[in-house]
Amino acid sequence: MSIQLNHTIVAARDKAASAEFTARVLGLEVGAPFGPFLPVHTENGVTLDFMEVEPDRIVPQHYAFLVSDEEFDAIFGRIQNAGIDYYADPAHHEEGQINHRDGGRGAYFDDPNGHNLEILTRPYGSGG
């Protein structure tokens with residue numbers, strides 16, 4: 001069996017609000033609760049399991065989502081329509097811009113807990 005990422009836990013102050021934010025922006029659905037988790041399933045079978053924790057226990061993480069050009073357009077449109085700040089870089093220095101690394105497009109934005117979310121159309125190092 002090949003090794004694959006199956007799920008990751010996303011720490012949140014409010015798991016429902018955080019799962020709904022991520023699902024809405026990415027065009028995914030929030031699944032049924034499973035124990036303390038509220039899952040958002042991605043198309044490649046990886047689940048983001050949102051779990052409530054005390055705010056002082058949230059350490060911002062980075063979650064990158066490889067998307068098609070069409071999905072990028074749709075997600076980016078939802079980001080802009082919602083008035084979410086976005087950046088061309090992970091350090092959030094290039095506000096209101098997207099990047100064109102490896103001949104694709106990418107953008108970074110924060111979720112309600114400060115996690116740094118990224119959408120990109122080409123894997124890094126793929127050329128272009």
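How much of the chain over residues 4-122 is helix, and how much is strand?

## The overall picture

Over residues 4-122, helix makes up 21% of the chain and strand 27%. The C-alpha atoms at the two ends of that stretch sit 20 Å apart. Keep in mind as you look around that this is a predicted model.

Those residue limits come from a record: an unreviewed UniProt entry carries the annotation "domain: VOC" for residues 4-122.

## A three-strand sheet

Let's start with a sheet. Three strands line up in the order β4-β6-β5, forming an open sheet with mixed pairing. The edges belong to β4 and β5, and each of them has a single partner strand, so one side of each goes without a neighbour in the sheet. On average, neighbouring strands here are turned by 20° against each other, direction ignored.

Now look at β4 and β6: they run in the parallel sense and pair over five bridges. Phenylalanine 65 has isoleucine 119 of β6 standing opposite. Helix α2 packs on this sheet, where it touches β5 and β6, and the helix direction makes about 140° with that of β6.

## The nonpolar core

A bit of background first: in soluble globular proteins, nonpolar side chains tend to be buried together. Here, the largest nonpolar core has 23 residues, and the members touching the most others are Val25, Leu48, Phe65, Ile75, Ile79, Phe109 and Ile119. Two or more core residues come from each of α1 (15-26), β2 (37-41), β3 (47-52), β4 (62-66), α2 (69-81), β5 (106-110) and β6 (116-120). With five residues, α1 gives the most to this core.

Which residues does leucine 48 touch, leaving out those up to four places away in sequence? The list is Thr8, Val10, Thr22, Leu38, Pro39, Val40, Tyr63 and Phe65. One of these, Phe65, is also named among the core members that touch the most others.

## Charged pairs around helix α2

Side chains of opposite charge can pair when their charged atoms come close. This model has three salt bridges. One joins the side chains of aspartate 69 and arginine 105, at 3.6 Å from N to O. Aspartate 69 is in helix α2 while arginine 105 is in the loop between α2 and β5, so this pair ties together parts 36 residues apart in sequence. Aspartate 69 also forms a salt bridge with arginine 122, with the closest N and O atoms 4.0 Å apart. That second pair links distant parts of the chain, since arginine 122 belongs to the segment after β6 and lies 53 residues from aspartate 69 in helix α2.

The remaining salt bridge is between aspartate 73 and arginine 105, whose closest N and O atoms are 2.7 Å apart. Aspartate 73 is in helix α2 and arginine 105 in the loop between α2 and β5, so parts 32 residues apart in sequence are tied together. Put the pairs side by side and shared partners join Asp69, Asp73, Arg105 and Arg122 into one network.

Are these charged residues buried or exposed? Aspartate 69 is partly exposed, because its relative accessibility is 33%. Arginine 122 is partly exposed too, at 31% relative accessible area, and aspartate 73 counts as partly exposed at 44%.

Terms used. Residues are numbered from 1 along each chain as its sequence is written. This is a predicted model: local features need pLDDT of at least 70, side-chain atom pairs count only at pLDDT 80 or more; totals for chains, interfaces and linings use all residues. Side-chain values use heavy atoms; hydrogens and water are left out. UniProt positions are given in the numbering used here, feature names are shortened, and annotations may be inferred rather than shown by experiment. Helices (H or I, at least four residues) and strands (E, at least two) are DSSP runs, numbered from the N terminus. A nonpolar core is a set of buried Ala, Val, Leu, Ile, Met, Phe, Trp, Tyr and Cys residues joined through side-chain atoms within 4.5 Å. Buried means under 20% relative accessible area, exposed over 50%, partly exposed in between (1.4 Å probe, protein chains only). Contact means heavy atoms within 4.5 Å. Two strands pair if DSSP finds at least two bridges between them. Axes are lines fitted to C-alpha atoms, for helices over the stretch in contact, and angles run from 0 to 180 degrees between N-to-C directions.
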